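These are my notebook entries on one structure. I record what I looked up, entry by entry.

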Amino acid sequence: PTGVKAAVNRFAFDAVPVSTSDSISVPAGYKAEVVVRWADAMWSDSVAFDQDTRGTAKTQARTFGDNTDGMEVFMHEGRTLLTINNEYTNRSIIWGNRADAKPENDDDIEKGLLAHGVTVVEIGHDGDRWGVVIDSPFNRRITPNTEMILTGPAAGHALVKTDADPAGITTLGTWNNCGSGKTPWGTYLACEENFNGYFSAEDENHEVSAELKRYGVSASDWGYSWAKIDDRFDVAKNPNEPNRVGYVVEIDPRDANSTPKKRTALGRFKHENAECVVNNDGRLVIYMGDDERGEFLYRYVSDGVYAAGIDTDALMENGTIFAAKFHDTGAGEWLALTPETTGMTQAEICVHTRIAASKVGATTMDRPEWVTANPNSSELYCALTNNKNRGLKTNKGGDETPVGGPNPREKNKYGQIVRWTPMNDDHTSAEFKWDLYVLAGNPKVHSDDKAGSENVNLGNMFNSPDGLAFDSTGQLWIQTDGKYSNEGDFEGQGNNQMLAGDPVTGEIRRFLVGPREAEVTGLCWSGDRKTMFVGIQHPGERGNSNWPDGGNTVPRSAIIAVTRDDGGLVG
Ligand code: FEO
Ligand code: CA
Ligand code: CA
Ligand code: CA
């Protein structure tokens with residue numbers, strides 16, 4: 001890729017070998033402990049998890065959500081407020097591993113619904129370990145039923161009006177929140193990703209509009225059956241309801257009564273995360289991926305500038321969305337999505353952002369996942385997780401996806417990380433320069449470009465980079481959500497993992513391996529940087545894990561705390 005060579009070893013840990021065990025591996029001198037699991041108590045009236053029934057809608061409403069993803073720590077008056085996305089739920093796990101993974105009754109459906117959303121939970125350290133502060137006034141479950149408002153150009157537009165909300169302003173809930181973001185003023189950004197999989201129609205032959213098709217909405221949901229208990233999710237009855245999801249949602253974790261705000265100005269797509277940067281001139285710039293094969297990488301630039309005490313709502317409501325175009329030369333440009341460039345109104349651009357980006361000729365990407373900004377430079381990194389369809393003309397309703405630029409491999413199984421630097425270190429510039437930080441691969445099985453770039457070797461190989469985050473020292477952390485078969489193309493790669501990368505030398509070293517059939521996703525630090533919080537999502541998604549409690553217990557997504565035995569900093 002960029003002529004990277006291993007140089008000075010900057011990593012403060014020994015490499016962890018691959019693992020296929022049902023446990024967490026961390027380097028010698030480190031330990032990992034569970035902080036909070038799916039369905040753990042948050043209030044004194046929470047009911048303890050029942051291994052047999054796996055809970056009810058009522059118990060889920062008052063306990064921690066399922067499948068943790070993006071998360072951020074907010075320090076508030078000396079308290080540690082952890083805010084976490086509960087992206088989705090494994091139906092086979094919450095409904096008792098029944099082979100058909102189908103709900104038996106309405107309570108099952110509602111339990112699944114309430115396992116989604118966002119959880120705010122205060123955590124504390126008792127001198128021994130981290131745990132939930134039961135009954136903290138900050139503890140909160142935000143679910144697909146929580147009232148929130150639409151803001152920005154699409155708010156009040158005909159496309160977002162429904163019978164229940166003729167004004168097109170007040171909407172219920174958020175679901176399938178994947179990655180996260182943190183604004184300079186200390187609010188949380190939850191990013192709505194695969195929102196489409198929850199809509200259905202009684203008539204399985206019901207045809208949705210071309211615009212909804214572009215977002216994957218159809219007459220069939222992914223098995224959650226929400227339309228059976230709430231007409232909102234019946235796309236024949238409420239065809240505009242899917243236009244009210246697919247946004248970035250701003251949440252104030254310091255006020256459990258605050259109303260979350262959907263920021264339509266940032267566009268509607270399958271949002272992965274939202275990486276906020278304050279530009280040299282004070283404007284807010286937010287980098288965002290759309291995680292779908294052949295979709296795009298985006299940037300939002302606010303009209304106004306950020307300064308302490310200003311109206312931050314205006315910064316999140318008035319701005320321009322751009323989509324990235326990459327040239328094979330290593331140059332790149334940001335294409336503005338405006339009424340002039342797209343022939344669409346500003347509200348239409350904010351609702352049908354994918355269609356607007358297609359009109360300007362943005363580059364189709366290999367599933368853009370997290371974007372993260374290097375604190376020591378103006379560089380940005382984005383994980384392009386994989387794309388089995390690259391080079392094939394099978395992209396549903398989207399554009400063709402030729403091989404080239406930062407997407408150099410056909411039927412890309414392993415993924416890559418692209419990075420770019422804005423021209424003159426100006427995040428609002430129309431131009432940037434890019435290269436690949438790493439091309440993941442398997443040098444044990446392949447010797448062609450599927451072996452990966454030269455900073456990939458038998459000791460650090462991985463597939464499907466997804467979560468990315470820089471720590472305060474400028475070390476890049478890479479989390480994977482890939483194939484864990486440990487066979488064929490993935491032989492020798494074991495379970496999903498987390499690695500550290502040196503942005504200067506390109507060197508990559510494995511730090512952690514997750515349990516079976518899990519993804520490692522979500523990363524943040526305690527206020528003193530002595531604890532790293534890491535999310536473990538969907539352990540045992542195919543029925544082969546009992547993590548974290550072992551024996552015959554139900555596998556449960558959880559957040560772990562990673563610390564050093566000597567009490568040193570971990571980022
Ligand atoms: Fe929820 Fe793109 O991962
Ligand atoms: Ca992800
Ligand atoms: Ca992923
Ligand atoms: Ca996931």
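**Confidence.** I began with the confidence of this predicted model. The mean pLDDT of the chain is 96, and 97% of its residues reach 70 or more. I then noted residues 1-8, over which the pLDDT is below 50. Beyond near neighbours in sequence, that stretch has 18 contacts in the model. For the complex, the predictor gives an ipTM of 0.96 and a pTM of 0.97.

**Nonpolar core.** Next I looked up the largest nonpolar core, and I found that it has 138 residues. Those with the most contacts inside it are Ala323, Cys382, Leu512, Phe533, Val534 and Ile560. In soluble globular proteins, nonpolar side chains tend to be buried together. I chose Leu512 for a closer look and listed what it touches, leaving out residues up to four places away in sequence. The list holds Val16, Ile24, Ser25, Val26, Gln497, Met498, Val520 and Val534.

**Sheet with strands 22 to 25.** I then turned to an open sheet of four strands, in the order 22-23-24-25, with antiparallel pairing. Its edge strands are strand 22 (465-470) and strand 25 (508-513), and each of them pairs on one side only. Neighbouring strands of this sheet are turned by 25° against each other on average, direction ignored. Strand 24 (residues 497-501) pairs with strand 25 in the antiparallel sense over five bridges. For Gly501, I recorded Ile508 as the bridge partner in strand 25.

**Strands 2, 3 and 4.** How many bridges join strand 2 to strand 3? I found seven between strand 2 (residues 68-76) and strand 3, and the two run antiparallel. Thr68 stands opposite Asn86 in strand 3. The two strands form a hairpin with two residues between them, and Glu77 in the turn has a positive phi of about 50°. Strand 3 is also joined by seven bridges to strand 4 (residues 117-125), again antiparallel. Here Leu82 is opposite Val121 in strand 4. I also checked burial: seven of the eight residues of strand 3 (residues 79-86) are buried, so strand 3 is largely enclosed by the rest of the structure.

**Helix 3.** I checked the burial of helix 3 (residues 106-114) as well, and seven of its nine residues are buried, so it is mostly covered. The buried residues are Asp108, Ile109, Glu110, Lys111, Gly112, Leu113 and Leu114. They pack against helix 1 and helix 2 (91-94).

**Asp52.** Is Asp52 buried or exposed? I located Asp52 in the loop between strand 1 (30-37) and helix 1 (57-61). Asp52 is exposed, because only 12 or fewer other C-beta atoms within 10 Å are allowed for that class and Asp52 has 7. I also noted a pair distant in sequence: Asp52 and Val554 are 502 residues apart along the chain and 8.8 Å apart in space, C-alpha to C-alpha.

**Sheet with strands 7 to 12.** My last entry concerns an open sheet of six strands, in the order 8-7-12-11-10-9, with mixed pairing. Strand 8 (170-172) and strand 9 (177-182) stand at the edges with a single partner strand each, so one side of each has no neighbour in the sheet. I recorded an average turn of 35° between neighbouring strands of this sheet, direction ignored. Strand 11 (residues 248-251) and strand 12 (residues 261-263) pair in the antiparallel sense over three bridges, and Val249 stands opposite Lys262 in strand 12.

Key. Residues are numbered from 1 along each chain as its sequence is written. Chains are lettered from A and ligands numbered from 1 in the order in which they are written. This is a predicted model: local features need pLDDT of at least 70, side-chain atom pairs count only at pLDDT 80 or more; totals for chains, interfaces and linings use all residues. A nonpolar core is a set of buried Ala, Val, Leu, Ile, Met, Phe, Trp, Tyr and Cys residues joined through C-beta atoms within 7 Å. A residue is buried if 20 or more other C-beta atoms lie within 10 Å of its own, exposed if 12 or fewer, and partly exposed in between; C-beta atoms are placed from the backbone. Two residues are in contact if their C-beta atoms, placed from the backbone, lie within 7 Å. Two strands pair if DSSP finds at least two bridges between them. Axes are lines fitted to C-alpha atoms, for helices over the stretch in contact, and angles run from 0 to 180 degrees between N-to-C directions. pLDDT is the predictor's confidence in each residue, from 0 to 100.
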